[in-house]
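Take a look at the model below. Turn it around once before reading on.

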Amino acid sequence: MLEVSSIYDGDTLRLEDGRRIRLIGVNTPELGQGTADEPNAEEAKHLLEILVKRSGGSVRICMDAERRDRYGRLLAHLYDHRGDSINRRMLKQGAGYLVAVPPNLRNHECYKHAEKEARKGEKGVWRLPVGDASKLNGNETGFHILNGYIKRVGQSRSGIWLNLDGGLALRITWNDWEGFGIDDPESLLYTSLEVRGWIYHRNGNQRIRVRHTSSIHWLERE
């Protein structure tokens, strides 16, 4: 077991040895850095504090295929003193959203079921409405979960592009596209969907890179 020295927010903490840990499979609302906190951010941090405290202030960490993120943080599945998954508990209580970032998918099915339970019970973040992609103002960044429909399907050497009503573009590389099992991308035209991921800007446009099938939930087709 490893001693925890501090908790930054609902998905990031620091160990006594100085290592920063980012929970795999969980994305909780952001605490403001000079700006307002996102809804449920404090609640998520408080829940992680409680879970660590109940474990005597220490946790066990389990790595996955990719050990660090681009910020140098260790990516880990956390377990308490009884061997129970802290990541799963965070999702089950609605403290954050499930995120799937290959190749770190070891506990993905377990986490998916935990989120499904929280969503069904309208716990935590699932009390908030899902956003509308067509109503983005063009300045948003960071993690979002949005409803929309596909107005255009494009292909390039790098992968598939799904352009939603309102301008948001979803990028799926050819390697990631293989997991979707869809032979004809054009068949997705006018399909309604729910998508989750991090919005970034490129060439004046808003984009989300979709890494895994669980990041998109197909709703209906016109």
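This report looks at one strand with its two partners, and then at a cavity. The model is predicted.

**A strand and its partners**

Start with strand S10, which spans residues 159-164. Is S10 mostly covered or mostly open? Mostly covered: 5 of its 6 residues are buried. Buried here means under 20% relative accessible area.

S10 pairs with strand S9, residues 142-155. The pairing is antiparallel. S10 also runs antiparallel to strand S11, residues 169-173. The table sets out both pairings.

| Pair | Bridges | Residues in between | Residues opposite each other |
|---|---|---|---|
| S9 and S10 | 5 bridges | 3 residues | Gly154 and Trp161 |
| S10 and S11 | 5 bridges | 4 residues | Gly159 and Thr173 |

Both links are hairpins: one joins S9 to S10, and another is formed by S10 and S11. Look at the turn between S10 and S11. Gly166 sits there, with a positive phi of about 105°.

**The cavity**

Now look for enclosed space. How many cavities of 30 Å³ or more does the structure hold? It holds 1. The largest cavity contains about 40 Å³ of space.

Which residues line the largest cavity? Ile24, Gly25 and His77 do. So do Leu98, Val99 and Ala100. Asn104, Leu105, Arg106, Asn107, His108 and Tyr111 complete the lining. By type, the lining of the largest cavity divides into 6 nonpolar, 5 polar and 1 charged residue. Arg counts as charged, and Arg106 is part of this lining.

How values were computed. Residues numbered from 1 in each chain as written. Predicted model: local features only at pLDDT ≥ 70, side-chain atom pairs only at ≥ 80, totals over all residues. Heavy atoms only, no water. Buried < 20%, exposed > 50% of the residue type's maximum accessible area, 1.4 Å probe, protein only. Helix = DSSP H or I, 4+ residues; strand = E, 2+ residues; numbered from the N terminus. Pairing = 2+ DSSP bridges. 1 Å grid on protein atoms, 1.4 Å probe; cavity = no way out; pocket = protein on both sides within 12 Å on 5 of 7 lines; lining within 4 Å. Points joined across faces, edges and corners; volume = space filled by probe spheres on them.
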